[in-house]
Amino acid sequence: MIQRIEAFVRLGTYMQHAMNDPEFLAVAKRAESRNPLFTISNIQRAVRTWGATLRWEAMYSWLEPYLPDWPQEKRCLALVMAGNIPIVGFHDYLCGVLCGYRLQIKLSSKDPLLLPFLHEKLLWLVSGQKIQAEEKEGRMDYPESGCIPPVSFTASTVRGFDAIIATGSGNTFRYFEYYFGRYPHLLRRNRVACALIDGNENRQELAGLADDVLAYFGMGCRNVSKLYIPENYDFAPLLDALEPVSSTLASHAIYKDNYDYHKAVCMVNRQAFLDNGSILLQQSVSLASPMGVIYYETYKDKSEADTILAARQAEIQCVVGRGRIPFGKAQSPGLTDYADGVDILKFLLHL
């Protein structure tokens with residue numbers, strides 16, 4: 001296991017400077033051409049964020065409590081990846097490889113290129129030589145190399161596995177339950193991030209909130225899509241703080257089309273909204289807002305806000321605010337910030 005930690009530390013160093021590698025840059029450009037929301041800057045942010053996380057001290061501190069239970073047997077783990085932001089399933093992949101599982105990874109059609117390239121780079125860092133996949137029937141099979149177990153990537157179905165971790169939407173969750181419910185599993189559906197605003201946020205905190213809302217076009221489950229604000233809140237400073245980022249995103253055709261569409265719907269239906277010219281704020285009890293829109297809901301006091309958030313805990317990935325996740329840090333999760341709050345290592349080590 002120590003060898004695997006060292007391998008990922010080396011990969012982390014590479015990921016922080018991946019854009020300096022012409023090979024990775026070429027893959028990133030191909031990824032952007034397939035999925036225009038995977039801009040080069042968003043891909044760079046994703047790989048740099050993970051690269052900064054894969055430090056020896058952080059990884060050993062994270063893994064040390066589990067060392068007595070580390071498995072010797074190499075079973076097969078299937079991973080069904082989402083594709084809403086670049087390498088969104090990297091944490092599942094990291095946990096599976098560290099635990100020594102043989103992996104079958106079903107890649108999202110929105111993100112089929114980045115993780116296989118990074119895995120190939122990990123094998124090169126371990127072995128000192130380029131190891132290519134054996135491609136057969138739409139699968140890319142990478143053999144065991146040193147301390148790294150075999151990994152298979154596919155765009156179709158996974159089969160012959162012992163356990164599965166699958167991430168998807170509310171609709172795919174029902175599919176997951178039907179097909180994968182008989183296996184040991186972690187099945188995830190849509191969650192969103194919220195922000196609890198007290199009305200006394202300074203300019204720096206509001207700028208951080210703008211990043212929490214709009215990083216990756218707001219597509220991540222850790223992107224803030226719902227604001228809880230006090231009654232009689234002054235929206236002007238918030239709209240001003242959002243404008244530098246939202247106006248930049250408005251130059252992207254997909255974001256602009258979404259913003260224009262939802263603004264038109266509000267106007268036709270005579271629904272109230274606030275607008276800074278590139279993002280809408282709309283009052284709603286819903287949690288998940290569409291691209292180009294932020295929902296908000298008012299509360300009377302802190303006790304009521306806490307009650308509202310507690311009642312919807314199962315739908316919320318994380319909460320940004322004072323005394324919670326700091327503003328501007330929603331898209332910088334640590335190694336122990338598990339999706340849905342479920343400890344993946346504990347699940348894998350106690351199957």
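## A parallel pair to start

Strand 8 (residues 192–196) and strand 9 (residues 224–230) run parallel, joined by four bridges. Within this pairing, L196 faces Y228 of strand 9. The model is predicted.

## The six-stranded sheet

Strands 8 and 9 belong to an open sheet of six strands. Its order is 10-11-12-9-8-13, and the pairing is mixed. Strand 10 (274–275) and strand 13 (316–320) form the edges. Each has a single partner strand, so one side of each lacks a neighbour in the sheet.

Helix 9 (residues 236–249) packs on this sheet. Helix 9 touches strand 9, strand 10, strand 11 (280–283) and strand 12 (293–299). The direction of helix 9 makes about 140° with that of strand 11. Helix 10 (residues 253–268) lies across strand 10, strand 11 and strand 12. Against strand 11, helix 10 runs at about 40°.

## The seven-stranded sheet

There is also an open sheet of seven strands. The order here is 3-4-5-2-1-6-7, again with mixed pairing. Strand 3 (134–136) and strand 7 (185–188) are the edge strands, and each pairs on one side only. On average, neighbouring strands of this sheet are turned by 15° against each other, direction ignored.

Two helices contact this sheet. Helix 5 (residues 90–98) packs on the sheet and touches strand 1 (76–80), strand 2, strand 6 (163–167) and strand 7. The direction of helix 5 makes about 160° with that of strand 2. Helix 7 (residues 170–180) lies across strand 1, strand 6 and strand 7. Its angle to strand 7 is about 165°.

## Strand 5 and its two partners

Strands of a sheet pair through backbone hydrogen bonds, in either a parallel or an antiparallel sense. Strand 5 shows both senses. With strand 2 (residues 102–106), strand 5 (residues 151–154) pairs in the parallel sense over four bridges. With strand 4 (residues 139–142), strand 5 runs antiparallel, again over four bridges.

Individual residues fix the register. Q104 stands opposite S152, and K106 has T154 as its bridge partner. From the other direction, D141 has S152 as its bridge partner. S152 is thus matched with Q104 and with D141.

Which residues cover the two faces of strand 5? V151 and F153 lie on one side, and S152 and T154 on the other. All four are buried, and both faces of the strand are covered.

## A buried loop residue

T39 sits in the loop between helix 2 (22–34) and helix 3 (40–53). Is T39 buried or exposed? Its relative accessibility is 12%, so T39 counts as buried. The cut-off for buried is under 20%. Leaving aside residues up to four places away in sequence, T39 touches E32, F217 and H252.

## A tyrosine patch on the surface

Y175, Y178 and Y179 form a nonpolar patch on the surface. Together they have about 390 Å² of accessible area. Y178 lies in helix 7, the helix that lies across strand 1, strand 6 and strand 7.

Why does Y178 count as exposed? Its relative accessibility is 65%, and exposed means over 50%. T39, at 12%, counts as buried.

Note on methods: Residues are numbered from 1 along each chain as its sequence is written. This is a predicted model: local features need pLDDT of at least 70, side-chain atom pairs count only at pLDDT 80 or more; totals for chains, interfaces and linings use all residues. Side-chain values use heavy atoms; hydrogens and water are left out. Two strands pair if DSSP finds at least two bridges between them. Axes are lines fitted to C-alpha atoms, for helices over the stretch in contact, and angles run from 0 to 180 degrees between N-to-C directions. Contact means heavy atoms within 4.5 Å. Buried means under 20% relative accessible area, exposed over 50%, partly exposed in between (1.4 Å probe, protein chains only). Patches are made of residues with over 30% relative accessible area and no salt bridge: like charges are joined within 9 Å, nonpolar side chains (Val, Leu, Ile, Met, Phe, Trp, Tyr) within 5 Å. Accessible areas come from the Shrake-Rupley method with a 1.4 Å probe; for residues, only the protein chains shown count as cover. A salt bridge is a side-chain nitrogen of Lys or Arg within 4 Å of a carboxyl oxygen of Asp or Glu.
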